[in-house]
Amino acid sequence: LSQLARRVDALRGQRPPQVDRAAALARRVVRLTLLLGLGTGIAWWFVDPSRAFPIALAVLVATCPCALALAVPAAVARAQSRLAQCGVLVLGAEALPRLATIDTVVFDKTGTLTAGRPAVLDVQVFDALDAAQATALAARLETAVEHPLARAFGPALGPPAESTRVQRGAGVEGRMDGATWRIGRRSFAWASDGCDVDDGAVWLSRDGVAQARFIVDDAPRADASEAMAMLRAEGLRIAVLSGDAPVRVDALLARLGAFQDVDGRGGLSPQDKRDALRALQADGHRVLVVGDGLNDAEMLASADVSVAMAEGAALTQRQADLVLGGPRLMTVVEARRIALQAQSVIRQNLGWAIAYNLAVLPAAALGWIGPGLAALGMALSSLAVTANAWRIGREREA
């Protein structure tokens, strides 16, 4: 929480690049307006000195770049407000414009597409341990791990393991009761087995000898299928990159509705995930990554835009551009729609502000508009861009 608070404080001192570009354009328009007002006043001085000052003033007032200066900040502020109401915390200054350009969404599996509440469904023991003892030892060893799978074994009833070492994407090693224990993938925990095939189970070993095999499963999030279907319907490519076993990934996708066009891959290390992401980017795709675990941090840091789950690891949240404040994956769909609408409104606002100034300038310079009407037009143009920005997110309210 303190890390997120520091990032929010740092973000307060930043402005999105779009806002800076609009402000720079407004400053140039101010300088141009002053020159046009001065030139118009001098020209009218030779034509009709009595009208020179009112017409020059009308030019200055009518072409005041208020609407231009408000065009982008009003839309960005409204979009961020709507995202906050959806439960999305924006941590990246360029998160919104990048989110509007993505064409591929990559999901992690455990804790992202699933609810992050795994349970032990079956225990197979190979030594003198019984199922309860094996589960208790696993809980002590998993105390050092933030991954959702670690919660499946329940609270540790004894002292935690000592000298723990987490190998991301593989498992945990630690000292307990004078022995070296490992829990994780088969190839990691059961070193003497020599088998590199991941069978999807969680293995517990003592000094390299298998002690127990756990079948752990996690239910998908309630709206995971709907969110993936909506993103796919909007023309986005969907991929699932997971450190879990390929059989578990395939089983989850089948449970979510057998998405034939979803690229599901399992058994990936953090480096494998990062490399797969970079391969997508090398093919020209703009990628949004949604993840929660430590093994997703590198992938999130490499993404074009990244989303972290609120209950995920702190390191993952530090790498993310946006953090979801709740369990709903449909929030990702809503966030993208708001980002798309914000970019559309920004273009509309800029177009309106530029068109208004181009239309009103000749009328004011020719003396057809007085200072009073010019002031009214300036106020109405500013209200127009503000009211247009208010449309962002209105579909969700409806």
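In this predicted model, aspartate 207 is found in the loop that runs between strands β7 (202-206) and β8 (209-217), and its phi angle is near 50°, a positive value in a residue other than glycine. A positive phi, likewise near 50°, is computed for serine 163, again in a residue other than glycine. Serine 163 is placed in strand β4, and it counts as exposed because its relative accessibility is 62%, above the cut-off of 50%. The loop between α7 (131-141) and β4 (162-167) holds glycine 154, which counts as partly exposed at 34% relative accessibility. The C-alpha atom of glycine 154 is separated by 8.3 Å from that of threonine 135, a residue 19 positions away along the chain.

The interior of the model can be described through its nonpolar cores. In soluble globular proteins, nonpolar side chains tend to be buried together. Here the largest nonpolar core has 48 residues, and those with the most contacts inside it are Val105, Phe107, Met228, Leu288, Val290 and Leu329. Helix α14, which spans residues 330-365, gives the most to this core, with a contribution of nine residues. A second core, separate from the largest one, is made up of 21 residues, including Ala134, Ala152, Trp181 and Val216. The surroundings of leucine 329 were examined further: when residues up to four places away in sequence are not counted, leucine 329 touches Phe107, Thr112, Leu113, Arg221, Asp223, Ala224, Ala227, Val290 and Met309.

Nonpolar side chains also appear on the surface, where Val30, Leu34, Phe53, Leu57 and Leu60 form a patch with about 450 Å² of accessible area together. Two elements give two or more residues to this patch, namely α2 (17-47) and α3 (49-62), and the largest share, three residues, comes from α3. Phenylalanine 53 has its place in helix α3; with a relative accessibility of 62%, phenylalanine 53 counts as exposed, since the cut-off for that class is over 50%.

Turning to charged residues, side chains of opposite charge can pair when their charged atoms come close. The structure holds 14 salt bridges, and one of the pairs is formed by lysine 109 and aspartate 244, whose closest N and O atoms are 2.8 Å apart. This pair links distant parts of the chain, 135 residues apart, with lysine 109 in helix α6 (residues 109-113) and aspartate 244 in the loop between β9 (237-241) and α10 (246-255). Both lysine 109 and aspartate 244 are buried.

A further salt bridge joins arginine 328 to glutamate 334, with 3.2 Å between the closest N and O atoms. Arginine 328 counts as partly exposed, at 36% relative accessibility, whereas glutamate 334 is buried because its relative accessible area is 15%, which falls under the 20% limit. Aspartate 275 and arginine 274 also form a salt bridge, in which the closest N and O atoms are 3.5 Å apart. Within this pair, aspartate 275 is partly exposed at 41% relative accessibility, and arginine 274, with a relative accessible area of 22%, is partly exposed as well. Finally, a network of salt bridges links Asp108, Lys273 and Asp296.

Note on methods: Residues numbered from 1 in each chain as written. Predicted model: local features only at pLDDT ≥ 70, side-chain atom pairs only at ≥ 80, totals over all residues. Heavy atoms only, no water. Core = buried A, V, L, I, M, F, W, Y, C linked by side-chain atoms within 4.5 Å. Buried < 20%, exposed > 50% of the residue type's maximum accessible area, 1.4 Å probe, protein only. Helix = DSSP H or I, 4+ residues; strand = E, 2+ residues; numbered from the N terminus. Contact = heavy atoms within 4.5 Å. Patch = residues over 30% accessible without salt bridge, like charges linked within 9 Å, V, L, I, M, F, W, Y side chains within 5 Å. Areas by Shrake-Rupley, 256 points an atom, 1.4 Å probe, with all protein chains shown as cover. Salt bridge = Lys/Arg side-chain N within 4 Å of Asp/Glu carboxyl O.
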